[in-house]
Amino acid sequence: MVARVGLDGDRCGSAGLSCVGRPAQHPLASAQGAPMNGAVGFIGLGRMGRAICQRLISHRIQLIVHNRSEDKSSELVRQGALWVPEIRSVARAANIIFVCSSGHQAVEQIYHDKNTGLLANVVEGSIVVDLSTIAPETAIALHAAFRARGADFIECPVSGGVEGALKGALSAIVSARPAAYSIVRPLLAAFTLMVTFVEVPGKAQRLKILNNLAESINLAGAIEVISQGQALGLDLESMQAVFSTCRGRSAYMQVAMNYALSQGGSSSVSLAVRCKDLDLAQQQMPIGPSYPLSTVAMATFHDLRLTFGDEGDQCLYFSRLSTGNAGSAS
């Protein structure tokens, strides 16, 4: 079953696809405007995690948060969240727990630590919602492990960047038992505009990994096109006007253009995250056919990571092209 939850209330009927509108009154509030009962846990306070937490707090959700470094929780605590020093404290205090992490090591610590991990401490009837992009095989195993403990695991990788999270405009893909999804759906409405429900374990991650591969290919192409325009003497404002209205437009053309217009600000995605997603894409790439654009994108961003480091911005391909062109011209 595939279902989409959107804002427009239309139902799109082909192949079982449906779009269901969000209620006019926010579903996290009662008719009297009281906050939803019960605290919600949140583990992982990177840039995306903090942005989602801010949305949840703005909808009067009491959060219990944890991160490996406490300093990332300070602003959330000032807004009303409660920080706890251990993952098991989150598991014992909240029946719904969000996870927003990056990398295999973080997954191992959050879920599999024998003393403090979620699997060792989860309470029967709890729901764990993972907002990260992880290997489909890992997600499938977590579904089974939590069900064996009387709890639910929900794959819910999100897309839209930190700016989308702050606006409550993320897209999400959900694999879960329908009953568990129906419970957390009002919470997802605080920070998403569109949720695609696909139910089958692992399917949400496979779709998200392919989406992220498309992002990488589009971003590299957009940066090359903008760089060529600059080399030809075209101004960014003219390129922005054309590339945002003609058929060459895309979400990642806009990401690249915003970065160029900001003169090297930030796209809010590091090379470590971009390469982690590309590694997942490489792991699930079908054997047999050749996929040259995918291969080039993977090589390009890994090379950038070697040059600029894990925390370098994904848009630093601009710098590589600028340096290379300057070298060719000299």
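**Sheet and cores, question by question**

Me: Which residues does Phe 191 touch, leaving out those up to four places away in sequence?
Reply: This is a predicted model, and contact here means heavy atoms within 4.5 Å. With residues up to four places away in sequence left out, the partners of Phe 191 are Ile 52, Arg 55, Leu 56, Phe 98, Leu 131, Val 158, Ala 165, Gly 168, Ala 169 and Leu 170.

Me: OK, and which helix gives the most to the largest nonpolar core?
Reply: That core has 38 residues, and the ones touching the most other members are Phe 42, Leu 56, Phe 98, Leu 131 and Phe 191. The top helix contributor puts in six residues and spans 47–58: helix H1.

Me: How many residues are in the second, separate core?
Reply: Look for Ile 226, Tyr 252, Tyr 259 and Leu 321, which are among its members. The count for this separate core is 30 residues.

Me: Which strands sit at the edges of the six-stranded sheet?
Reply: The sheet is open, pairs in parallel, and runs S5-S4-S3-S6-S7-S8. An edge strand pairs on one side only, which leaves S5 (82–83) and S8 (152–155).

Me: What stands opposite Phe 42?
Reply: Strand S3 (residues 40–43) pairs with strand S6 (residues 96–99) in the parallel sense, over four bridges. The residue facing Phe 42 from S6 is Phe 98.

Me: At what angle does helix H8 run to S6?
Reply: Helix H8 (residues 178–188) lies across S3, S6, S7 and S8. Helix H6 (residues 136–148) lies across S7 and S8, at about 160 degrees to S8. For H8 against S6, the angle is about 65 degrees.

Methods
Residues numbered from 1 in each chain as written. Predicted model: local features only at pLDDT ≥ 70, side-chain atom pairs only at ≥ 80, totals over all residues. Heavy atoms only, no water. Core = buried A, V, L, I, M, F, W, Y, C linked by side-chain atoms within 4.5 Å. Buried < 20%, exposed > 50% of the residue type's maximum accessible area, 1.4 Å probe, protein only. Helix = DSSP H or I, 4+ residues; strand = E, 2+ residues; numbered from the N terminus. Pairing = 2+ DSSP bridges. Axes fitted to C-alpha atoms, helices over the stretch in contact; angles between N-to-C directions.
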